[in-house]
Structures are given as C-alpha cells and as structure tokens.
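Colleague: Got a minute to go through this model with me? I'd like to hear the reasoning behind the labels.

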Amino acid sequence: MGGFSGFTPEGLAFLTGLAAHNDRDWFTANRFVYDEQLKPGLAALIAATSEAMAARGLPLAGDPKSSQFRIHRDTRFSRDKRPYKTHVSGTLTRDGQRMSPGMVYIHIEPEPTGGIGPLALPDEPHGHGPFVAAGFYLDERADIDAIRAGLVRDPAGWVRVETALAAAGLRLDPGAPVKRMPKGFEDQAGGPLEAAIKRTRWIVSRPLTQAEVLSPDLPDVIADFTARTRPLLAFGWAALDRT
C-alpha cells in the first residue's frame, strides 16, 4: 500500500548489529543501510499507514519525514551514554504533529531471540521487539488532568471503553501510575475510578511479528489494530477537547 513494500532483512540486521556495536565508528561504516533502507522504509510506512487510517475513518496521519524520531539518543541527562537507539520509530496523530496527544506509535526493531514475550511500555522502549501502541502518552500535567476529569465526568463512558477494549482482546498497559491520589481528585479515593485516575498514561499496545514487519501489509495491520482502539482514542480526545 502507498509504496511501502515491507522492511528488509538487511535493515533489521543493521539494527541487530547496532545493538552489538553501538558506537560511532560502526554506525558510520554501516550508515548506508540506515539511509537507504530503514529511513525511507519508515517514511513509506508512515505515508501508507496514513492512507490506511483515512480509509477506516480514523483521524490519524503523519508526515513521512517529521513524524520519524531521530536514531541518535539524547544522552545529556542519561547514565546510558550509548549514542544510538536500536530501533526506528514514528507516530501518527490528529494534526500530524509528532507528539500531539492521542497518537499511534510505531516501533520497529528485530524480533527478540525466542519470540516476543509480555509487552510493557517503558519510557524508552527497546529490547521488546517490534510493536504498535495507541492512546495517550502524556507529559503535560494539564493534559493528564483533563483525561482524569473526563473519567470523573463520564464514568459510564469509561466502563464502555474498558469493555470495548476487552472485547477486542486488548488491555491497558501499566500506565505509570502515581502512588497517591492526584491533587483535585482526592474525593475519588477508594472508588471504582481510583486506579484509572492514578494513571498518567492510557495506552494499549500490540506486538508485531517479524513476518508482519517484513510484509507490505503492515500499514493495514497497524490501522486494523488502531480501529480496535477507537473507543479509547475518542474518549481521550473528547476529554482533552473540553479544556
């Protein structure tokens, strides 16, 4: 679809090699694989997946260039000084901006030896294999509190979201919860919404197999997954749009 023909075995082998030799000399010597296969492959995937979203009536799209994340790591405030990520990734959002609230995140790396195990979504995912995630990965307190206010305002609607996700075989990822009830929501302590309100992220994810990553059908795989997450995205967007 849309010019995407699947990632190449050579591209995935580059990421495997980069994980084993995460230094500038190795990267420079092998960069042509990244420049000629991985980067344009991800651009084509973003474009084709945007088309697949539109065909399903999903208001999510990305720019083939600006929606990609850089492969260079930001090591300024990290103890881990490895210069490169060992995956390539990008997002699709309502307005096409890379980090707008309510997104689909695509993460491409080689499938781990022994297959894909249980998937969680840490701050800087790597080592879990390829996956796609959808929902609200939020950094701004105002956005987080907007979702919380939506939960309080429409608890029955949130139950419908959880029920729809469960019926689709999806479950919310851990969500980086806070330990105490957040300020302004103390009256919900001990109630049915407590766990949901303590979250700071509302995300569902799906592992991708290596066969899917290599396939030209990957845009449809991602769009079909996203269609099953539509109740979560719609609930969160409605909450954010009230602010």
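Modeller: Sure. Contact here means heavy atoms within 4.5 Å. It's a predicted model, by the way. Of the contacts in the chain with a separation of 6 or more, 68% come from residues 24 or more positions apart.

Colleague: How do you know what radius of gyration a compact globule with 243 residues would have, and what does the chain have?

Modeller: The rule is 2.2 Å times the number of residues to the power 0.38. For 243 residues that puts a compact globule near 18 Å, and the chain has 19 Å, so the two agree. The C-alpha trace spans about 60 × 45 × 35 Å along its principal axes.

Colleague: What makes the span of helix α4 agree with its number of residues?

Modeller: You take 1.5 Å times one less than the number of residues. Helix α4 has 13 residues (155-167), so it should span 18 Å, and its end C-alpha atoms are 18 Å apart.

Colleague: Which residues of α4 are called buried, and why are they put on the same side?

Modeller: Buried means under 20% relative accessible area, and in α4 that goes for Gly157, Trp158, Val161 and Leu165. They cover an arc of only 100° around the axis, so they sit on the same side of α4. In general, an α-helix has 3.6 residues a turn, so residues three or four places apart point the same way.

Colleague: And what is on the other side of α4?

Modeller: Arg160, Ala166 and Ala167, called exposed because exposed means over 50%.

Colleague: What covers the buried residues of α4?

Modeller: The cover includes α3, α5, β4, α7 and α8.

Definitions and conventions: Residues numbered from 1 in each chain as written. Predicted model: local features only at pLDDT ≥ 70, side-chain atom pairs only at ≥ 80, totals over all residues. Heavy atoms only, no water. Helix = DSSP H or I, 4+ residues; strand = E, 2+ residues; numbered from the N terminus. Buried < 20%, exposed > 50% of the residue type's maximum accessible area, 1.4 Å probe, protein only. Arc of directions from axis to C-beta.
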